[in-house]
Each structure stands twice: as structure tokens, then as C-alpha cells.
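Below are some notes on the model, set out as numbered points. Please read them with the structure open.

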Amino acid sequence: MIKTALLGHPLGHSLSGVIHTAAFKSVNLDGKYELIDVAPNKLDETIERLKKEGFAGFNVTIPHKVEVKGRLQLWDMLVDYAGATNCVKIKPDGAMYGYNTDIYGFTEAIPVEKRDNLVGKKALVLGNGGAARAVAVALVMMKVGNIDFLVRNLEKASALHELMQNNFKNTCCQLIQTVADISQYSIIVNATPLGMFGENVGKMPLAASILEKANKDTIAYDLVYNPLETAFLKTSKEFGLYTIGGLDMLVYQAQKAFKIFTGKQPDFEKMKEAALKFL
Ligand code: NAP
């Protein structure tokens, strides 16, 4: 049996278990994806246990996405660019290789012709946390010309700004606290939890009065996937924008992680179907 896992704290109602279980089924592999709640001071002993028990790899979520890099023997360049690892392959000799599959997931969920239209254009990213970093790297790889980050705390966001300036000299990045002209952006990405199930449900990451003035061919992309249609997506749709929800990103990043763990390409639709059933 192939064993894989998700390490995070707190894990809450993670969808990853059902998505990876569907992936194993779709390629006829006998496998198990365990959800393991790991407090920060237990990361090392948990990793040692996974190695001893022959796990093929694991996903990493908050709060271990930055910390885990110190345990890796080798990592993809994208890990450095995004400043985070979300997928670790354990080799048969115990060596660990790190990847960031969120960047791939974010990109794949945008139809190719829409991606092509973003070359040289301006992007607006709402938020400056871990997901915003992966989004920023993906946007750079799509060759957008400018990225503005709408942030609530300039001091906290300065690390992201620095990371972008040091790594990507050809992409203009700036931190903003108000949106002067929304019509200049070809893509607007919500990378905050605003709109998510729980205390944030129904909340908008950007006022509707601002969103209303966006161009009709602008992409409104919400990383939040629960609910499937957030207030941001619903309002954007009403204003005639092209919308993308967070579920496809989640499933694509899982598809890539599964391939890293097992070497097999699982069926995206079957994985998504399982996630939809769960939601
Ligand atoms: P994070 O590292 O905690 O960052 C959250 C960001 O949102 C921070 O910039 C934070 O600002 C900002 N924020 C939080 N509450 C806010 C509020 N009330 N008003 C304005 N800004 C607020 O979280 P993350 O990992 O980046 O995740 C962000 C969202 O993306 C979550 O909803 C997560 O579920 C989703 N996500 C989805 C996928 C997917 O595959 N679809 C993947 C990753 C993440 P401060 O820095 O000022 O605190």
C-alpha cells in the first residue's frame, strides 16, 4: 500500500483526504492519504515516523509550509520563489525533495487562452499571505507586466514585496492600500480568507462599488473554495466578469502532488467530483 499524508495544524475539515482517495481509485492503486494534525514542535518526530513507516510523501499546510524547508535535501526553485513548500516526496533512502504545487494549481485553473491574454497586463492580488506568494509567482510565470498587492498592513507585506523585487526584476510589483483605478487590471485575485465558510462567509475582499468599474473581460479569481460561489464571485458574475473559483486550483495542486508521490497521473474530473460530493 502507498502511504501519503497531509501535515497541518489545525487541520479542520480538509478536503485533501477525499481528493487523494479518489486519485488512488482513479489509477487503481492501493493507497491511503492520512490527515495528521501536527503541532509545530512535533514536526520533526512526525516526519521521522513517516520515514520509518515507509510513506511515499506528504503535503504540508499551515503552519509548516515555511518551516519544513529546513528538513529538505533538495527542492524545486519554485519553493524559493514562493517562500513555501506544500509537497514533499520521501525517497526510498529517506531523502526528502520539496515542491510547491500551488503555483501549478493556480495556473492550470485558468484556461490557456485567458492566460495568453494576461501577457504584459496588470494584476491585482488581494492579500499578502502564503497563497498570495504562490499566486504572484504564477502570475510572473504567465508574464504579467505588473502586480499590485492590496494589503492591510504594509509592514507585514514588506517581506513579500522584497521577495518579488529580488527574484523578479522584470515584473513591477507594488503594495497598495486603496484601489485607484480598477479598470487597469486584467485579473483580480482574492488571496484572503474573506468570503470563506465560517466567520468570513458573505464578506467581500473588495467593495462592490469598486468591482463594478472593472472591465468586462477581467478575470475575477477567488482562491476560496468553500462555498463554491463566494460573495466576491457572485458579485463579479453579476457585473459580467469572468469568474474562477478556488476548487479547481485545489484539485490541480493535489493532482500534481499525487504524481510526485506515486509517479501516476490521476483523473482530475474524478478527484473534483469527489470534492464536490464532500462539499
Ligand atoms: P494566510 O497566509 O493566513 O494569509 C491571509 C491573507 O489574508 C493575509 O494577507 C492577511 O492579511 C489577509 N487577511 C486576513 N483576514 C483579512 C481581513 N479581515 N481583511 C483583509 N485582509 C485579511 O492564508 P493563505 O494561506 O494565504 O490563504 C488565503 C486564502 O486562500 C484562504 O482562504 C485559503 O483557504 C485559500 N487558499 C486556497 C487554495 C486553493 O487551492 N484554492 C490554496 C491556498 C490557499 P495580514 O497579512 O495583514 O494578516
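1. The model is predicted. A salt bridge joins the side chains of Asp102 and Lys65, with an N to O distance of 3.0 Å. This pair links distant parts of the chain: Asp102 belongs to helix α4 (residues 102–108), whereas Lys65 sits in the loop between β3 and β4, and the two positions lie 37 residues apart in sequence numbering, that is, they are 37 residues apart. Asp102 has a relative accessible area of 12% and is therefore buried. Lys65, at 21%, counts as partly exposed.

2. The loop that holds Lys65 has another feature to check. Ile62 and Pro63 are joined by a cis peptide bond, with omega about 10°. Pro63 is in the loop between β3 (57–60) and β4 (74–75).

3. A second cis bond runs from Asn226 to Pro227, where omega is near 10°. Pro227 is placed in the loop between β11 and α9. For context, most peptide bonds are trans.

4. Leu228 lies in the loop between β11 (219–222) and α9 (231–238). With a relative accessibility of 42%, Leu228 is classed as partly exposed. Together with Leu276 and Leu279, Leu228 forms a nonpolar patch on the surface, and the accessible area of the three together is about 240 Å².

5. How many salt bridges does a search of the whole structure find? The search returns 12. One of the pairs is Lys32 with Glu34, whose closest N and O atoms are 3.6 Å apart. Both residues are partly exposed: Lys32 has a relative accessible area of 37%, and Glu34 is at 23%. The pair is part of a network of salt bridges that links Lys32, Glu34, Arg49 and Glu53.

6. Arg115 is in helix α5 (residues 112–116). Is Arg115 buried or exposed? Its relative accessibility is 16%, so Arg115 counts as buried. The side chain of Arg115 nevertheless meets that of Glu108 in a salt bridge, at 3.8 Å from N to O. Glu108, at 27% relative accessibility, is partly exposed.

7. The surroundings of Arg115 can be described further. Apart from neighbours within four places in sequence, Arg115 is in contact with Thr107, Glu108, Ile110 and Met142. Ile187 is 72 residues from Arg115 along the chain, and the C-alpha atoms of the two are separated by 9.9 Å.

8. Two residues other than glycine have a positive phi and deserve a look. Asn28 has phi near 55° and is found in the loop between α1 (16–26) and β2 (31–37). Asn28 is exposed, since its relative accessible area is 74%. Lys143 has phi near 70° and lies in the loop between α6 and β8. At 56% relative accessibility, Lys143 also counts as exposed. Most residues other than glycine have a negative phi.

9. Does the length of helix α7 agree or disagree with the span expected for its residues? Helix α7 covers residues 154–167, which is 14 residues, and at 1.5 Å a residue these should span 20 Å. The end C-alpha atoms are 20 Å apart, so the two values agree.

10. Helix α7 has a buried set consisting of Ala157, Leu160, Leu163 and Met164. In an α-helix there are 3.6 residues a turn, so residues three or four places apart point the same way. The buried residues of α7 pack against two helices, α3 (77–82) and α6 (130–141), and against two strands, β8 (146–150) and β9 (172–176).

11. How many disulfides does a search of the whole structure find? The search finds zero. A disulfide is a covalent bond between the sulfur atoms of two cysteines. For Cys172, the closest cysteine sulfur is that of Cys173, at 7.5 Å; the cut-off for a disulfide is 2.5 Å, so this pair is too far apart for a bond. Cys87 has a relative accessibility of 0% and therefore counts as buried.

Notes
Residues are numbered from 1 along each chain as its sequence is written. This is a predicted model: local features need pLDDT of at least 70, side-chain atom pairs count only at pLDDT 80 or more; totals for chains, interfaces and linings use all residues. Side-chain values use heavy atoms; hydrogens and water are left out. Patches are made of residues with over 30% relative accessible area and no salt bridge: like charges are joined within 9 Å, nonpolar side chains (Val, Leu, Ile, Met, Phe, Trp, Tyr) within 5 Å. Accessible areas come from the Shrake-Rupley method with a 1.4 Å probe; for residues, only the protein chains shown count as cover. A salt bridge is a side-chain nitrogen of Lys or Arg within 4 Å of a carboxyl oxygen of Asp or Glu. Helices (H or I, at least four residues) and strands (E, at least two) are DSSP runs, numbered from the N terminus. Buried means under 20% relative accessible area, exposed over 50%, partly exposed in between (1.4 Å probe, protein chains only). The expected span of a helix is 1.5 Å times one less than its number of residues. Contact means heavy atoms within 4.5 Å.
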